[in-house]
Amino acid sequence: MRVLVAEDFEILARTIGTGLRREGMAVDVVLDGDDALEHLAVTQYDVVVLDRDLPGTHGDEVCRQIVSGSAGSRVLMLTASGTVRDRVEGLGLGADDYLPKPFDFAELVARVRALARRSAPPVPPILENGVVSLDPSRRVAFRAGRRLDLSPKEFAVLECLLAASGRVVSAEELLERVWDEMADPFTTAVKSVIRRLRGKLGDPPLLHTVREGGYRIGEP
């Protein structure tokens, strides 16, 4: 899941970003509306956590441009004001959800996950391929009933591969969906995670490398 956090209070922005990464999300953080629009022009995000009172391009205008675009990003609007009028105005701009500050981080995570499910094509609540199953809501994965001890990146890669339903997923797509902008596209990050994930899935092998294509889950 790819998330953009646009919040001008830097400590809060970095805290949200760090927390969402710990939940297995790929997160980019910006501190003003101009930077938010620049990121949105080049990257497709599942969810944008958007402070309404951004400097530069105001959060309202950023929201309008997201809604009028074709990327399908969902908007969770944040504001220091929690009045009914402000919530109505925010939703009227096209925001998908609205969360007043201060908020509980667990609620933020739940709302981001709910919006991400709405931004993507419908998928089963439990992702399965043969003996491998993954529950995105509970953040657990199993092979033949054995729970897999996965890192957040390993879990996210497995989720992407299972959601592809046997389709070959390129390294570039995995880098786009699982890592954030801090990832170096010339590193071996994807290969390293794939290697560790393959080892944790065990034998017989279910994670296959497709020459000049990418990776897929399933029978050989």
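Author: A definition to begin: two strands pair if DSSP finds at least two bridges between them. The model discussed here is predicted.

Reader: Which residue of strand 9 does Phe142 stand opposite?

Author: Strand 8 covers residues 140-143, and two bridges join this strand to strand 9. The two run antiparallel. Across from Phe142, in strand 9, stands Arg147.

Reader: Which strands stand at the edges of the sheet 6-7-8-9?

Author: This sheet is open and antiparallel, with the order 6-7-8-9. An edge strand here has a single partner strand, so one side is left without a neighbour in the sheet. That describes strand 6 (127-129) and strand 9 (146-147).

Reader: What angle does the direction of helix 6 make with that of strand 7?

Author: Helix 6 spans residues 152-163 and packs on the sheet. The helix touches strand 6, strand 7 (132-135) and strand 8. Its direction and that of strand 7 make an angle of about 110°.

Reader: What is the bridge partner of Leu4 in strand 3?

Author: Another open sheet has five strands in the order 2-1-3-4-5, with parallel pairing. Strand 1 (residues 2-6) is joined to strand 3 by four bridges. In strand 3, Leu4 has as its bridge partner Val48.

Reader: Is Asp51 buried or exposed?

Author: Asp51 belongs to strand 3, residues 47-51. Beyond its neighbours within four places in sequence, its contacts include Ala6, Asp8, Leu78 and Lys101. The relative accessible area of Asp51 is 2%. The cut-off is under 20%, so Asp51 counts as buried.

Terms used: Residues numbered from 1 in each chain as written. Predicted model: local features only at pLDDT ≥ 70, side-chain atom pairs only at ≥ 80, totals over all residues. Heavy atoms only, no water. Buried < 20%, exposed > 50% of the residue type's maximum accessible area, 1.4 Å probe, protein only. Contact = heavy atoms within 4.5 Å. Axes fitted to C-alpha atoms, helices over the stretch in contact; angles between N-to-C directions.
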